[in-house]
Amino acid sequence: MKLLYLFVLIIPLLFTFATPADVIDMTAELLKDGNTHELAATFSSSIEMTILGEDNVYSNAQAEQALADFFKRCQPHSAKVLHRITSNAHYQYAVIILNTSNGIYRTCVSLKSVNRKFEVNEMRIEAEKTK
């Protein structure tokens, strides 16, 4: 009987550790690595992107190129999730502070659930305002 209780207590713990990686943490990690190809794989087919005041709606490939151009000028060193909203099952939002070779940038990312998979549908990269 004690074995049954132990089994019932351990099984739920296994499922908590088997959850997939958080999509916001994964996005922050890809930004930190400057991995535009893997990051573009998380983009929706068209993405609204603003990089240092230049905003446009890009196709997936165009957004990857625009981000690659940014990372050529500003090589990333670290990324930290400053704020996240995950309370809606179909929408997530994050503010990620990106430290680069040319300064600190605030990166805002909106993700929308499409076929039970989150896709980045909006990204803004702007210079971090210092106090």
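How many aromatic pairs does the structure hold? There are 2 of them, and I come back to them in point 3. Keep in mind throughout that this is a predicted model.

1. Overall layout. The protein chain has 4 helices and 6 strands. Going along the sequence, you meet them in the order α-α-α-β-β-α-β-β-β-β. Of the 131 residues in the protein chain, 34% are buried. The accessible surface of the chain is about 8,500 Å², with 57% of that area belonging to carbon and sulfur atoms. As for contacts between residues at least 6 apart in sequence, 44% join residues at least 24 apart.

2. The core. In soluble globular proteins, nonpolar side chains tend to be buried together. Here the largest nonpolar core has 28 residues. Phe43, Ile47, Met49, Leu67, Phe70 and Met123 are the ones with the most contacts inside this core. Two or more residues each come from α2 (23-33), α3 (36-40), β1 (43-51), α4 (60-73), β4 (91-100), β5 (103-114) and β6 (117-127). Leu67 is a good residue to click on: leaving out residues up to four places away in sequence, Leu67 touches Thr36, Leu39, Phe43, Ile51, Met123 and Ile125.

3. The aromatic pairs. A pair of aromatic rings is described by the distance of the centres and the angle of the planes. For Phe70 and Phe71, the ring centres are 5.5 Å apart and the planes sit at 55°, so this pair is tilted. Phe70 has 0% relative accessibility and therefore counts as buried; Phe71 is buried too, at a relative accessible area of 7%. In the pair of Phe70 and Tyr105, the centres are 5.3 Å apart with the planes at 85°, so the label here is edge-to-face. That pair links distant parts of the chain, with Phe70 in helix α4 and Tyr105 in strand β5, 35 residues apart. Both Phe70 and Tyr105 are buried. Taken together, Phe70, Phe71 and Tyr105 form one aromatic cluster.

4. Cysteines. How many disulfides are there? The count is 0. Cys74 is buried, with a relative accessible area of 3%, and Cys108 counts as buried at 5% relative accessibility.

5. Salt bridges in and around α2. The count of salt bridges comes to 6. One of them joins Glu29 and Lys32, whose closest N and O atoms are 3.3 Å apart. These two residues both lie in helix α2, 3 residues apart, about one turn of the helix. Lys32 also meets Asp33 in a salt bridge, at 3.6 Å from N to O. Are these side chains buried or partly exposed? Glu29 is partly exposed at a relative accessible area of 40%, Lys32 is partly exposed at 28%, and Asp33 counts as partly exposed at 47%.

6. Other salt bridges. Arg124 forms a salt bridge with Glu122, the closest N and O atoms being 3.7 Å apart. Because buried means under 20% relative accessible area, neither partner falls in that class: Arg124 is partly exposed at 26%, and Glu122 counts as partly exposed at 23%. Finally, have a look at Asp22, Asp25 and Arg84, which are linked in a network of salt bridges.

Note on methods
Residues numbered from 1 in each chain as written. Predicted model: local features only at pLDDT ≥ 70, side-chain atom pairs only at ≥ 80, totals over all residues. Heavy atoms only, no water. Core = buried A, V, L, I, M, F, W, Y, C linked by side-chain atoms within 4.5 Å. Buried < 20%, exposed > 50% of the residue type's maximum accessible area, 1.4 Å probe, protein only. Contact = heavy atoms within 4.5 Å. Areas by Shrake-Rupley, 256 points an atom, 1.4 Å probe, with all protein chains shown as cover. Disulfide = S-S within 2.5 Å. Phe/Tyr/Trp six-rings, centres within 6.5 Å; stacked < 30°, edge-to-face > 60°. Salt bridge = Lys/Arg side-chain N within 4 Å of Asp/Glu carboxyl O.
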